[in-house]
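Here is a walk through a single model, from its cysteines to its sheet and on to its surface. Keep the viewer open and follow along.

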Amino acid sequence: MRATSSTERSRLEPEPVVRRDFLGLASLLAAASALGFGLIGMLRLPRPAVMPSPSKKFKVRLPESLPLGTPFIPPGRAVALYRTGDGVYALSLVCTHLGCVVKPSGEGFECPCHGSFFGQDGAVTKGPAPKPLAWLKLTGSNGSYVVDQGSTVPQGTYWRA
């Protein structure tokens, strides 16, 4: 009769994992997990929450039915365009007092912040605004114009196409 020792294992038992091998496998798994989560994090990088400001140069088309002397304010812009018998001009709607955007009212524009009034040509009719509204550079033809909010022209400069 053959005696079996308590340390002898059967053929069906799996080999025990050596502690050193277990630690090596665990460290590889941890490194792979860190790399995977890092890649997922890079794919979800935050996008800028602030939209870029609109261009200071933009195209605008005056409506055919726009009567002479009536302001046309393009949506989302602080600019008013006028068609007169002398031509077309563009006014900045930024008050020269503290930079508020003026609103059309009656015969011109009114600053809602401090009550300045401006005429249709941008001239100050009631303070505290120290200067008239800026006339903006305008180019174009056939009812389609390019307004440059970054460039001003002397008051009374009309664009004739």
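For what comes first, a disulfide is a pair of cysteine sulfur atoms within 2.5 Å. Keep in mind, too, that this is a predicted model.

With that cut-off, how many disulfides does a search of the whole structure find? The search turns up one. Its partners are Cys100 and Cys113, whose sulfur atoms sit 2.0 Å apart. The two ends belong to distant parts of the chain, 13 residues apart. Cys100 lies in the loop between strand S3 (87-92) and strand S4 (103-105), while Cys113 lies in the loop between strand S5 (108-110) and strand S6 (117-119). If you like torsions, check the S-S bond of Cys100 and Cys113: the value is about -110 degrees, so the disulfide is left-handed. The two ends also differ in how they are covered. Cys100 has 16% relative accessibility and so counts as buried, whereas Cys113, at 40%, counts as partly exposed.

Now look at another pair of cysteines, Cys95 and Cys111. Why is there no bond from the sulfur of Cys95 to the closest cysteine sulfur? That closest sulfur belongs to Cys111 and is 3.8 Å away, which is too far for a bond. Seen from the other end, Cys111 is in no disulfide, and its nearest cysteine sulfur is that of Cys95. Cys95 is buried, because its relative accessibility is 4%. Cys111 is buried as well, because its value is 2%.

On to the sheet. Five strands make up an open sheet, in the order S1-S9-S8-S3-S2, with antiparallel pairing. The edges are strand S1 (57-61) and S2, each of which pairs on one side only. Ignoring direction, neighbouring strands of this sheet are turned by 30 degrees against each other on average.

Let's cross it from the S1 edge. S1 pairs with strand S9 (residues 144-153) in the antiparallel sense, over five bridges. Two places to find by eye are Lys57, which stands opposite Asp148 in S9, and Val60, which stands opposite Tyr145 in S9. Next in line, S9 is joined to S8 by seven bridges, and these two strands also run antiparallel. S8 and S9 form a hairpin with two residues between them. Asn142 is in that turn and has a positive phi of about 55 degrees. Right there, Ser141 stands opposite Ser144 in S9.

From strand S8 (residues 135-141) the route goes on to S3, through an antiparallel pairing over two bridges. One spot to pick out is Ala90, whose bridge partner in S8 is Leu136. S3 then pairs with strand S2 (residues 79-84), again in the antiparallel sense, over six bridges. S2 and S3 form a hairpin, too, with two residues between them. Here Ala80 stands opposite Leu91 in S3.

Stay on S3 for a moment. Is S3 largely enclosed by the rest of the structure or largely open? It is largely enclosed, because six of its six residues are buried. In a regular strand the side chains alternate between the two faces of the sheet. The two faces of S3 are both covered: Gly87, Tyr89 and Leu91 are buried on one side, and Val88, Ala90 and Ser92 are buried on the other.

For charges, side chains of opposite charge can pair when their charged atoms come close. The structure holds one salt bridge. It brings together the side chains of Arg61 and Glu64, at 4.0 Å from N to O. Glu64 counts as exposed, because its relative accessible area is 63%.

Last stop, the helix. Phe22 has its place in helix H1 (residues 19-43). With a relative accessible area of 52%, Phe22 is exposed. Its C-alpha atom is separated from that of Leu62 by 76 Å, with their positions 40 residues apart along the chain. Leu35 has its place in H1 as well, and it is exposed, with a relative accessible area of 58%. Leu35 belongs to a nonpolar patch on the surface, formed with Leu39, Met42 and Leu45. Together the four have about 430 Å² of accessible area.

Key. Residues numbered from 1 in each chain as written. Predicted model: local features only at pLDDT ≥ 70, side-chain atom pairs only at ≥ 80, totals over all residues. Heavy atoms only, no water. Helix = DSSP H or I, 4+ residues; strand = E, 2+ residues; numbered from the N terminus. Buried < 20%, exposed > 50% of the residue type's maximum accessible area, 1.4 Å probe, protein only. Patch = residues over 30% accessible without salt bridge, like charges linked within 9 Å, V, L, I, M, F, W, Y side chains within 5 Å. Areas by Shrake-Rupley, 256 points an atom, 1.4 Å probe, with all protein chains shown as cover. Pairing = 2+ DSSP bridges. Axes fitted to C-alpha atoms, helices over the stretch in contact; angles between N-to-C directions.
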